[in-house]
Amino acid sequence: MLAIFDAQSVQPPPELHSPASHRLPTTKPKLPREILNHFITSPSRSCGALSMSFENAAFLAFDPSASRSTNHQSLFCGLDEMYCMFKGSLNNLSLLNKQYGLSKATNEAMFVIEAYRTLRDRGPYPADQVLKELEGKFAFVVFDRKAGSVFAALDANEGIDLYWGTAADGSLVISDDLEVIKASCAKSFAPFPPGCMFHSERGLMSFEHPTKKMKAMPRIDSEGVMCGANFKVDAQSRVHSMPRVGSEANWATWGSHA
């Protein structure tokens with residue numbers, strides 16, 4: 001899966017950017033449409049990839065054949081201008097569907113959209129509590145076109161890889177394909193931190209440790225070059241309260257109150 005969001009709409013953490021990306025002659029970051037084209041035309045995608053563009057604000061691409069080459073299913077769903085790309089599986093999906101009043105045929109991507117909608121429209125239930133209820137290995141990206149917001153998360157089990165970085169124009173790039181991220185972002189990328197969630201209005205936080213702040217840690221690659229930072233939970237910090245997200249998006253409570 002691949003998601004690209006314009007920097008004017010979604011601001012990536014500044015620590016993801018590495019000045020070396022533009023200094024090194026061998027590798028240069030790409031622009032969003034170049035990244036999308038690279039993903040779609042990759043020889044590894046024998047069946048082709050599906051893509052959607054939302055003017056220049058966002059690009060989504062999904063490889064329906066990805067499940068055949070990995071141990072994890074890959075799903076895509078769109079509903080009421082909310083779009084979800086999901087990788088992995090939820091062991092307690094049946095229970096969650098019953099809890100949310102959804103049909104038995106609801107798959108993981110559809111469930112995530114409904115859970116997101118509940119958080120957005122019918123809170124105030126903390127987002128970290130919702131994610132803690134998900135049992136399994138998963139990574140997902142939700143794009144809410146109406147609100148212009150992004151919600152991404154990766155489970156704490158470290159069974160699925162997810163990466164993020166910045167494109168040549170500063171756009172946020174998220175993908176489960178390391179080679180795509182490297183070719184797209186040069187040195188300005190890092191693994192997405194497990195057990196964490198990112199919302200375009202509230203930034204990055206740990207849903208495993210919602211009362212702790214996230215700390216950017218310098219990352220040096222095998223060539224000795226500074227790359228995009230890793231993010232870790234700062235055990236010495238404490239978040240005293242998490243304010244509500246702006247009423248325009250109508251997102252209720254982003255995190256728990258400490």
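Trainee: Over how many bridges do S2 and strand S3 pair?

Mentor: This is a predicted model, in which strand S3 covers residues 58-62. Within this pair, Met52 stands opposite Leu60 in S3. S2 and S3 run in the antiparallel sense, and the number of bridges over which they pair is five.

Trainee: Which strands are the edge strands of the open sheet that has the order S2-S3-S1-S9-S8-S10?

Mentor: Six strands form this open sheet, with antiparallel pairing. From one strand to the next, the twist averages 10 degrees. An edge strand here pairs on one side only, and this holds for strand S2 (50-54) and strand S10 (189-191).

Trainee: Which helix packs on that sheet?

Mentor: The helix in question touches strand S1 (2-5), strand S8 (163-166), strand S9 (172-175) and S10. Its direction makes about 10 degrees with that of S8. It spans residues 178-185 and is helix H7.

Trainee: Are the residues Leu172, Val173, Ile174 and Ser175 of S9 buried or exposed?

Mentor: Leu172 and Ile174 point one way from S9, whereas Val173 and Ser175 point the other way. Val173 has Ile4 opposite it, where S1 and S9 pair, and Ser175 has Tyr163 opposite it. Whichever way they point, these four residues of S9 are all buried.

Trainee: Which residue in the turn between S8 and S9 has a positive phi?

Mentor: S8 and S9 run antiparallel and are joined by four bridges. They form a hairpin, with five residues between the two strands. The positive phi in the turn is about 90 degrees, and the residue is Gly170.

Trainee: Which strands stand at the edges of the sheet with the order S4-S5-S6-S7-S11-S12?

Mentor: This open sheet also has six strands, and its pairing is antiparallel. Each edge strand has a single partner strand, so one of its sides is left without a neighbour in the sheet. The strands at the edges are S4 and strand S12 (203-206).

Trainee: What is the bridge partner of Gly78 in S5?

Mentor: S4 and S5 pair in the antiparallel sense over six bridges. Among the pairs that face each other, Gly78 has its bridge partner in S5. That partner is Tyr83.

Trainee: At about what angle to S5 does H5 run?

Mentor: Helix H5 consists of residues 108-122. H5 lies across S4, S5, S6 and S7. Its angle to S5 is about 125 degrees.

Trainee: How many of the 15 residues of H5 are buried?

Mentor: The cover over the buried residues of H5 includes strand S4 (74-79), strand S5 (82-90), helix H4 (93-99), helix H6 (127-132), strand S6 (136-144) and strand S7 (149-154). Among the buried residues are Phe111, Val112, Tyr116 and Leu119, and also Glu108 and Arg117. H5 is largely enclosed by the rest of the structure, because the buried residues number twelve.

Trainee: Which residue has a side-chain oxygen that reaches to the backbone nitrogen of Ala109?

Mentor: The contact lies at the start of H5. The oxygen comes to within 3.1 Å of that nitrogen. It belongs to the side chain of Asn107.

Trainee: What percentage of the residues of the protein count as buried?

Mentor: The protein has seven helices and 14 strands. It exposes about 12100 Å², of which carbon and sulfur atoms supply 48%. A residue counts as buried at under 20% relative accessible area. Of the 258 residues, the buried share is 52%.

Technical notes
Residues are numbered from 1 along each chain as its sequence is written. This is a predicted model: local features need pLDDT of at least 70, side-chain atom pairs count only at pLDDT 80 or more; totals for chains, interfaces and linings use all residues. Side-chain values use heavy atoms; hydrogens and water are left out. Two strands pair if DSSP finds at least two bridges between them. Axes are lines fitted to C-alpha atoms, for helices over the stretch in contact, and angles run from 0 to 180 degrees between N-to-C directions. Contact means heavy atoms within 4.5 Å. Buried means under 20% relative accessible area, exposed over 50%, partly exposed in between (1.4 Å probe, protein chains only). The expected span of a helix is 1.5 Å times one less than its number of residues. A polar contact is a pair of N or O atoms within 3.5 Å; within protein, one must be able to donate a hydrogen and the other to accept it, and residues adjacent in sequence count only if both atoms are side-chain atoms. Accessible areas come from the Shrake-Rupley method with a 1.4 Å probe; for residues, only the protein chains shown count as cover.
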